[in-house]
Amino acid sequence: MTLAIAIVTAAAWLIASALGLQDLAVIWGGFIPARVGGVVGDEMLAPVFLTPLTATVVHAGIIHLGFNLLIHLFCGRATETIIGGRGLLILYIVGAYAAAAAQFFANPEDMRPMVGASGAISAVLGTYAILFGRNRVNVANLALARWLNALWLAAAWIGLQILVGFTFETAGAPLAIAAHIGGFLAGLVLAKPLLLLRYRGA
């Protein structure tokens, strides 16, 4: 599943690039928060409820695509071995919608298209962090330790995103910080349910 998502994502960018449709793809398939609130119209654009997904296959360039796929393949393959292909697909889709929702609530009137798979990949990264990260919280109650560890990971990720986002904004390249945070939080929350989904019959 990890490889299939990567192939579809890369193929979408390659086709748009080969046909010279990159700019059109950004407008057509990007997630625009203002569309959700009806601030801008939907003429000739992808249905707004699908744009959290279409945005994952639209990228701003080869470096944007390459970096996202690198993280996706590294974390996705390892995560998929634990939660299975179905679990990874659920995680990726929910992560895409969680990222879009976070971006919307951060700035509901924003008319800039949000593109890229990094929000969905952040969800994969969040689950990866829970599954493979070392638990740095040392308390007797295992459930409490797990939640405190998730909160620690969330705080670290949010802090990192704010720092990176500030750097990019200063350089004139806006970054969808809220989307990354929303996706990552979804990944933290979904780690255990996806484990249970796969191994409930074991």
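## The two faces of helix 1

The face of helix 1 that points away from its buried side bears the exposed residues Ile 7, Val 8, Leu 14, Ile 15 and Ala 18. This description refers to a predicted model. The buried residues of helix 1 are Thr 2, Ile 5, Ala 6, Thr 9, Ala 10, Trp 13 and Ala 16. Viewed down the axis of helix 1, these buried residues fall within an arc of 130 degrees, so they line one face of the helix. An α-helix has 3.6 residues a turn, so residues three or four places apart point the same way.

## Length and end of helix 1

Helix 1 comprises 17 residues, from 2 to 18. At 1.5 Å a residue, helix 1 should span 24 Å, and the C-alpha atoms at its ends are 24 Å apart, which agrees with that expectation. After helix 1 comes Gly 20, which has a positive phi, near 70 degrees.

## Packing of helix 1 against helix 5

Against which helices do the buried residues of helix 1 pack? Their partners are helix 2 (22-29) and helix 5 (62-106).

The axes of helix 1 and helix 5 cross at roughly 150 degrees and come within 7 Å. Because an angle over 145 degrees counts as roughly antiparallel, helix 1 is roughly antiparallel to helix 5. The crossing of helix 1 with helix 5 is right-handed.

On the helix 1 side, the residues in contact are Thr 2, Leu 3, Ile 5, Ala 6, Thr 9, Ala 10 and Trp 13. In helix 5, they meet Ile 62, Leu 65, Leu 69, His 72, Leu 73, Gly 76, Arg 77, Glu 80, Leu 88 and Tyr 92. Among the helix 1 residues in this contact, Thr 2, Ile 5, Ala 6, Thr 9, Ala 10 and Trp 13 are also buried.

## Packing of helix 5 against helix 6

Helix 5 also packs with helix 6 (residues 118-132), at an angle of about 125 degrees and with the two axes 7 Å apart. Helix 5 and helix 6 are therefore oblique to each other. Their crossing is right-handed.

## Ile 93 in helix 5

Ile 93 is a residue of helix 5. Is Ile 93 buried, partly exposed or exposed? Its relative accessibility is 33%, so Ile 93 counts as partly exposed; the partly exposed class lies between the limits of 20% and 50%. Ile 93 and Ile 121 are 28 residues apart along the chain, and their C-alpha atoms are separated by 9.7 Å.

Conventions:
Residues are numbered from 1 along each chain as its sequence is written. This is a predicted model: local features need pLDDT of at least 70, side-chain atom pairs count only at pLDDT 80 or more; totals for chains, interfaces and linings use all residues. Side-chain values use heavy atoms; hydrogens and water are left out. Helices (H or I, at least four residues) and strands (E, at least two) are DSSP runs, numbered from the N terminus. The expected span of a helix is 1.5 Å times one less than its number of residues. Buried means under 20% relative accessible area, exposed over 50%, partly exposed in between (1.4 Å probe, protein chains only). The arc is that of the directions from the helix axis to the C-beta atoms. Contact means heavy atoms within 4.5 Å. Axes are lines fitted to C-alpha atoms, for helices over the stretch in contact, and angles run from 0 to 180 degrees between N-to-C directions. Angles under 35 degrees count as roughly parallel, over 145 as roughly antiparallel, 65 to 115 as roughly perpendicular and the rest as oblique. A crossing is left-handed if the near helix is turned anticlockwise from the far one by less than a right angle, and right-handed if clockwise.
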